[in-house]
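Biologist: Could you take me closely through one part of this model, the group of aromatic rings and the sheet and helix around it? I would like a connected account, with the cut-offs behind each term.

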Amino acid sequence: MRCTILAMDIESLQKFCKTLPGTKEDIKWEHDLCFTVGEKMYCVIGLDPPHHYSFKVPDEAFEEMAARDEFIPAPYLARAKWVLVQQPDRVRPKEWQAFVRESHRLVASKLPKKTRAALGID
């Protein structure tokens, strides 16, 4: 069994992201599917093949994640501790969910308390 985001597929990732509180999706820059919470991105999928996937990681985990073969620092977003998955077939489906859930949590935690409450996050 191949363990890839494509095995999980984009539609499954969309479905998973929509289970996270306050999530909205939007197409930005004409070819990137972006998932946001409180208008802040937490996951981006490049829709042009080969598909690229990016998400935020904890500051303390960034260097370790970026050093893994399947990840690189995300172009334009590395300074904000985002990684880009360059080898999605090497990431297990349960890891995908954990990474995306953690990215959502990190981004949502920076939202104002009033916004989090309105989104049902706190």
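Modeller: What follows begins with the aromatic rings and then moves outward to the core, the sheet and the packed helix.

This is a predicted model, in which local features need pLDDT of at least 70 and side-chain atom pairs count only at pLDDT 80 or more, while totals for chains, interfaces and linings use all residues. Residues are numbered from 1 along each chain as its sequence is written, and side-chain values use heavy atoms, with hydrogens and water left out.

Rings of Phe, Tyr and Trp (its six-membered ring) are taken as a pair if their centres lie within 6.5 Å, and planes under 30 degrees apart count as stacked, over 60 as edge-to-face and the rest as tilted. By this rule the count comes to five aromatic pairs. One of them joins phenylalanine 55 to phenylalanine 71, an edge-to-face pair with 6.1 Å centre to centre and 85 degrees between the planes. Because phenylalanine 55 lies in strand E4 (residues 53-56) and phenylalanine 71 in strand E5 (residues 71-73), this pair ties together parts that are 16 residues apart in sequence; helices (H or I, at least four residues) and strands (E, at least two) are DSSP runs, numbered from the N terminus. Phenylalanine 55 and phenylalanine 71 are both buried, where buried means under 20% relative accessible area, exposed over 50% and partly exposed in between (1.4 Å probe, protein chains only).

Phenylalanine 55 also pairs with phenylalanine 99, and here the rings are stacked, at 5.3 Å centre to centre and with 15 degrees between the planes. Since phenylalanine 55 lies in E4 and phenylalanine 99 in helix H3 (residues 93-109), the pair ties together parts that are 44 residues apart in sequence. Phenylalanine 99 is buried, as is phenylalanine 55. Ring pairs link Tyr53, Phe55, Phe71, Trp96 and Phe99 into a cluster.

The rings lead on to the nonpolar core, a set of buried Ala, Val, Leu, Ile, Met, Phe, Trp, Tyr and Cys residues joined through side-chain atoms within 4.5 Å. The largest such core has 27 residues, and those with the most contacts inside it are Tyr42, Phe55, Phe71 and Val100. At least two residues of this core come from each of helix H1 (5-18), strand E2 (32-37), strand E3 (40-46), E4, helix H2 (62-67), strand E6 (82-85) and H3, and H3 supplies the largest share, five residues. Not counting residues up to four places away in sequence, valine 100 touches Leu13, Phe16, Cys17, Leu20, Tyr42 and Cys43, contact meaning heavy atoms within 4.5 Å. A second, separate core of six residues includes Cys34, Met41, Ala74 and Trp82.

Around these side chains, six strands form an open sheet in the order E1-E2-E3-E4-E6-E5, with antiparallel pairing; two strands pair if DSSP finds at least two bridges between them. Strand E1 (23-28) and E5 are the edge strands, each pairing on one side only. Direction ignored, neighbouring strands of the sheet are turned by 25 degrees against each other on average, where axes are lines fitted to C-alpha atoms, for helices over the stretch in contact, and angles run from 0 to 180 degrees between N-to-C directions.

Within the sheet, E2 and E3 run antiparallel and are joined by six bridges. These strands form a hairpin with two residues between them, and glycine 38 in the turn has a positive phi of about 55 degrees. Six of the seven residues of E3 are buried, so that the strand is mostly covered. E3 and E4 pair in the antiparallel sense over three bridges, with six residues between them in a hairpin, and isoleucine 45 stands opposite tyrosine 53 in E4. At the other end of the order, E5 and E6 pair in the antiparallel sense over three bridges, and phenylalanine 71 stands opposite valine 85 in E6.

H3 packs on the sheet, touching E1, E2, E3, E4, E5 and E6, and its direction makes about 45 degrees with that of E4. The 17 residues of H3 reach 24 Å from the first C-alpha to the last, close to the 24 Å expected at 1.5 Å a residue, the expected span being 1.5 Å times one less than the number of residues. The buried residues of H3 are Glu95, Trp96, Phe99, Val100, Ser103, His104, Leu106, Val107 and Ala108.
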